[in-house]
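Biologist: I am new to this protein and would love a close look at a single part of it. Could you take me to the nonpolar core and walk me through the residues in and around it?

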Amino acid sequence: MWKNNEIKEIIVDIIKELIKDISLDLLQADADLVDLGLDSVVFVQLIVELEEKFQVDVPDEVLFISELNTINKMTQLVENLLGDN
């Protein structure tokens with residue numbers, strides 16, 4: 001079972017890998033990732049990485065960058081999806 005902080009760490013690591021020039025000082029749990037360089041292409045890559053890492057399927061109806069624009073929101077989604085498995 002994944003712990004909340006483990007999920008967050010993995011999400012942060014994926015974001016750091018996908019957005020090379022992201023300011024780590026600004027990469028906070030509630031920071032708007034769009035403001036930090038998350039665009040639609042990187043968002044799709046991030047979702048694919050999350051699905052592969054956690055072995056979940058993110059439903060199409062939640063695939064909105066405006067709804068998953070923070071680390072906390074992504075963590076909550078993954079926790080919810082893991083709870084459904």
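Modeller: Happily! One term first: two residues are in contact when they have heavy atoms within 4.5 Å of each other. Please also keep in mind that this is a predicted model.

Let me set the scene before we go inside. The protein has 3 helices and 0 strands, and from the N terminus on its elements run α-α-α. A compact globule of 85 residues would have a radius of gyration near 12 Å, and the protein agrees with this because its own value is 12 Å. Along the principal axes, the C-alpha atoms fill a box of roughly 35 × 25 × 20 Å. Of the 85 residues, 36% count as buried. If we take the contacts between residues at least 6 apart in sequence, 62% of them join residues at least 24 apart.

Now to the core itself. In soluble globular proteins, nonpolar side chains tend to be buried together. Here the largest nonpolar core holds 28 residues, and those that touch the most other members are Ile-15, Leu-27, Leu-33, Leu-38, Leu-50, Phe-54 and Met-74. The elements that give two or more residues to this core are α1, α2 and α3.

Leu-38 is a good place to start. You will find Leu-38 in the loop between α1, residues 4-18, and α2, residues 40-54. Is Leu-38 buried or exposed? Its relative accessible area is 5%, so Leu-38 is buried. Not counting residues up to four places away in sequence, Leu-38 touches Ile-19, Leu-33, Phe-43, Leu-46, Ile-65 and Met-74. Two of these partners, Leu-33 and Met-74, are named with Leu-38 among the core members that touch the most others. As a yardstick across the fold, the C-alpha atoms of Leu-38 and Lys-73 are separated by 14 Å, with their positions 35 residues apart along the chain.

Phe-54 comes next, another of the core members with the most contacts to other members. Leaving out residues up to four places away in sequence, Phe-54 touches Trp-2, Ile-7, Ile-10, Val-78 and Leu-82.

Right after Phe-54 in the numbering comes Gln-55, which sits in the loop between α2 and α3. With a relative accessibility of 64%, Gln-55 counts as exposed, because the cut-off for that is over 50%. Its backbone deserves a glance as well: Gln-55 has a positive phi of about 55° although it is not a glycine. Most residues other than glycine have a negative phi.

From there, let us move on to helix α3, where three buried residues are worth a visit. Ile-71 is found in this helix and has a relative accessible area of 3%, so Ile-71 is buried. Beyond its neighbours within four places in sequence, Ile-71 is in contact with Lys-8, Ile-11, Val-12, Ile-15, Leu-27, Gln-28, Ala-29 and Leu-33. For Leu-33, the C-alpha to C-alpha distance to Ile-71 is 7.9 Å, although the two are 38 residues apart in sequence.

Thr-75 belongs to helix α3 too, which covers residues 71-84. At 1% relative accessibility, Thr-75 counts as buried. With neighbours within four places in sequence set aside, the contacts of Thr-75 are Asn-4, Ile-7, Lys-8 and Ile-11. Ile-7 is also a partner of Phe-54, while Lys-8 and Ile-11 are partners of Ile-71.

Leu-77, again in helix α3, counts as buried at 12% relative accessibility. Apart from residues up to four places away in sequence, Leu-77 touches Val-58, Val-62 and Leu-68. Val-58 and Leu-77 are 19 residues apart in sequence and 8.3 Å apart in space, C-alpha to C-alpha.

For a contrast, step over to Gln-45 in helix α2. Its relative accessible area is 38%, so Gln-45 is partly exposed. The C-alpha atoms of Gln-45 and Leu-18 are separated by 7.9 Å, and these two residues are 27 apart along the chain.

Finally, let us look at the outside. The accessible surface comes to about 5300 Å², and 49% of it belongs to carbon and sulfur atoms. The protein has 6 positive and 19 negative side chains, and the centres of these two sets lie 8 Å apart.

Conventions:
Residues are numbered from 1 along each chain as its sequence is written. This is a predicted model: local features need pLDDT of at least 70, side-chain atom pairs count only at pLDDT 80 or more; totals for chains, interfaces and linings use all residues. Side-chain values use heavy atoms; hydrogens and water are left out. Helices (H or I, at least four residues) and strands (E, at least two) are DSSP runs, numbered from the N terminus. The radius of gyration is taken over C-alpha atoms; the globule rule is 2.2 Å times the number of residues to the power 0.38. Buried means under 20% relative accessible area, exposed over 50%, partly exposed in between (1.4 Å probe, protein chains only). Accessible areas come from the Shrake-Rupley method with a 1.4 Å probe; for residues, only the protein chains shown count as cover. Lys and Arg count as positive and Asp and Glu as negative; His and the chain ends are not counted. The place of a charge is taken as NZ of Lys, CZ of Arg, CG of Asp or CD of Glu. A nonpolar core is a set of buried Ala, Val, Leu, Ile, Met, Phe, Trp, Tyr and Cys residues joined through side-chain atoms within 4.5 Å.
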